[in-house]
Each structure stands twice: as structure tokens, then as C-alpha cells.
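Visitor: Hi, I've never looked at this one before. Could you walk me through it?
Guide: Sure, let's put it on screen and go piece by piece.

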Amino acid sequence: MANLALTETSNQETADIDLMDSLQIAQTLNNEDKKIALAVEKTLPEIAEAIELIARCFQKGGRLGYFGAGTSGRLGVLDASECPPTFGVSPELVCGYIAGGESALRLSVENAEDRSDLALQDIVKFNPGNNDVVVVISSSGNPQYLLTVLQEARQRGAHTVSICCNPQAQAKALSDIFINPIVGPEPITGSSRMKAGTAQKMVLNMLSTGAMIRIGKVYHNYMIDVRMLNAKLIDRGIRIVCDITGVSREDAEKYLAASQNNVKTACVMAVKKCDKDTAENLLQQTNGLLRKIIG
């Protein structure tokens, strides 16, 4: 029992959950969920350190790689897949890997987390170097897949970060930064898709969003590098230009058309009353930081 991961222990608050009615079940699960944000709050210094690390590596041409098994792997792939449409970055900037590959996204491949060979395959695909950050996501922090990823990443000179919900995680010793929200035992013993998974999702949101903010992908609280790929995003892009520059919707549409639907460029054109090439040159001079151009 001494070696049992915290995420595998039984939760006394839910010991009789099978005797509860539906409302009581919902209330009990909600009460457990309330503990998650408080646990994440205690790790904010480590999260901030990781944000700074990732942003510095991005500025040096580096990348971010998420690695996980099961629920943790799916959460990493999800966060990585949201970065291109939200922040206008290349899919190669933030990459997500799950033990067992694409099929494990939809079907459980439970033995994949124990296989070093799968970790080696994925780390070879990502091929991390000195300016890259490898983030492993794991409730217990003990699966061999994750430990092998960390070992290989360190050998290649990459920076390593772990997001775990177990203070005795073996991953800690292999991580430059150890983010450890202690959410306690799960409502359903061992079901780490619940509290641990929610905590991991919260931390991943902070890491990717925080790093993108630091490198200028956000102005005020607008996603100014959003890719206008569907009707909703086209409307959002128009509204962003209107809100930031104060121009009418009709003028915003004209600036966006002239900028080939680049929100940031359209904003510079509207404020500086310049053409697309001039706006792009200004952005290039400031490494894409809109604040330095329009205040």
C-alpha cells in the first residue's frame, strides 16, 4: 500500500456513491470537482515557470511536444490541435503524441503506457533538441512510456516538464519543472479521467495560452492571429478588427480582404492607414507584437 499512487487510493467521500440517487451523485461529484481549481492554484509558480520556458523556446525557434497515455495523451493531443486555429501557428509548433498512436485516441490501448518501444518511436518522430520543450502528462507519473520519453528527451538536450497528480511520481526526478496539482483520490477509484484529467486540462490550457500570450499572439484579450476558416471565425475576425481599431464592420471587411484575412495585419492597416506590405514590415520589425505598433 505504501507504493500505491495517490490517484489509485479510495476516496472515503464517495464510498457509498452506489447507494445515492442521481441528484446526490451529481452533488457528490460536483463537490469533488470543486477541489480541483484549488489544487491547481497551489502549482501556479511552477506553471508560470513552464510558461516562461516555453515562450523563450518558441522565440528561439523551438517547439512544444506533449506526450501522454490514455486520457492524459488525449488531452495533450486536444490542446495541441487547438493551437493552429486559435493562434495561427504551424501544426509543427505544438505537437501531441499518445501512447499507441492514432487508434488510441478513440480506443483504449491500456498496455501502451508500459511500452518503452512506443515511447522511442514517438520521441524519434518529434526529434527534440536544445530549444524544444517536452511535456509529459500523467496522473501517476509512473508509466514506462512517459519515463522513457523524459529520459530520451533529456539525452537529446530538450527541456522537460511533467504534469502529474501524484507527489511520489517517478517523473519528478526526470523533469526540469514538476507541476503537481494534488487533487486527491478519484470519486471512482482509479478513474483518473475525472479529477486528475480535469486538472491536467486546466494546466495545459495555461501552458499553451500563456506561452502564446507571451510571444504576442494575443492583444488585450483578443486572439489576433486567429485563422478565419469558417463562418464563426470569419465573424470573430471582423469583430476583433472593429473592437481594436474602432472602424466600422464594412471597413473591417475591406481591411481584412486587403490583408488576405490576416486579423493582425488588418489592424495595423486600419490604425496606421497603410497598405498590406507596410503593415507586414512593421509587424516583422516587432516580431509580430501588435502592442509595439499601435499601443
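Guide: One term before we start: a contact means heavy atoms within 4.5 Å. Also, keep in mind that this is a predicted model.

Visitor: Okay. Which residues does Pro-143 touch, leaving out residues up to four places away in sequence?
Guide: Pro-143 touches Glu-113 and Ser-138.

Visitor: And where is Pro-143 found?
Guide: Look in the loop between strand 3 (133-137) and helix 5 (144-155).

Visitor: Is Pro-143 buried or exposed?
Guide: Buried. Its relative accessibility is 8%, and buried means under 20%.

Visitor: How far apart are Pro-143 and Lys-254 in space?
Guide: They are 53 Å apart, C-alpha to C-alpha, and 111 residues apart in sequence.

Visitor: Let's switch to the sheet. What order do the strands come in?
Guide: The order is 2-1-3-4-5, in an open sheet of five strands with parallel pairing. Strand 2 (94-98) and strand 5 (177-179) stand at the edges with a single partner strand each, so one side of each has no neighbour in the sheet. From one strand to the next, the twist averages 20°.

Visitor: How many bridges join strand 1 to strand 2?
Guide: Five, and the two strands run parallel. Strand 1 covers residues 64-68. As a landmark, find Phe-67, which stands opposite Tyr-97 in strand 2.

Visitor: What packs on that sheet?
Guide: Helix 3 (residues 70-87) does, touching strand 1, strand 2 and strand 3. Its direction makes about 155° with that of strand 2. Helix 5 packs on the sheet too, touching strand 1, strand 2, strand 3 and strand 4 (159-163). The direction of helix 5 makes about 170° with that of strand 3.

Visitor: Now helix 7. What span should it have?
Guide: Helix 7 has 15 residues (231-245), so at 1.5 Å a residue it should span 21 Å. Its end C-alpha atoms are 21 Å apart, which agrees.

Visitor: Which residues of helix 7 are buried?
Guide: Among them are Leu-233, Gly-237, Ile-240, Val-241 and Ile-244.

Visitor: What covers the buried residues of helix 7?
Guide: The cover includes helix 8 (249-258), helix 9 (263-272) and helix 11 (291-294).

Visitor: What about the two ends of helix 7?
Guide: At the start, a side-chain oxygen of Asn-230 reaches to within 3.1 Å of the backbone nitrogen of Lys-232. Just after the helix, Gly-246 takes a positive phi of about 80°.

Methods: Residues are numbered from 1 along each chain as its sequence is written. This is a predicted model: local features need pLDDT of at least 70, side-chain atom pairs count only at pLDDT 80 or more; totals for chains, interfaces and linings use all residues. Side-chain values use heavy atoms; hydrogens and water are left out. Helices (H or I, at least four residues) and strands (E, at least two) are DSSP runs, numbered from the N terminus. The expected span of a helix is 1.5 Å times one less than its number of residues. Buried means under 20% relative accessible area, exposed over 50%, partly exposed in between (1.4 Å probe, protein chains only). A polar contact is a pair of N or O atoms within 3.5 Å; within protein, one must be able to donate a hydrogen and the other to accept it, and residues adjacent in sequence count only if both atoms are side-chain atoms. Two strands pair if DSSP finds at least two bridges between them. Axes are lines fitted to C-alpha atoms, for helices over the stretch in contact, and angles run from 0 to 180 degrees between N-to-C directions.
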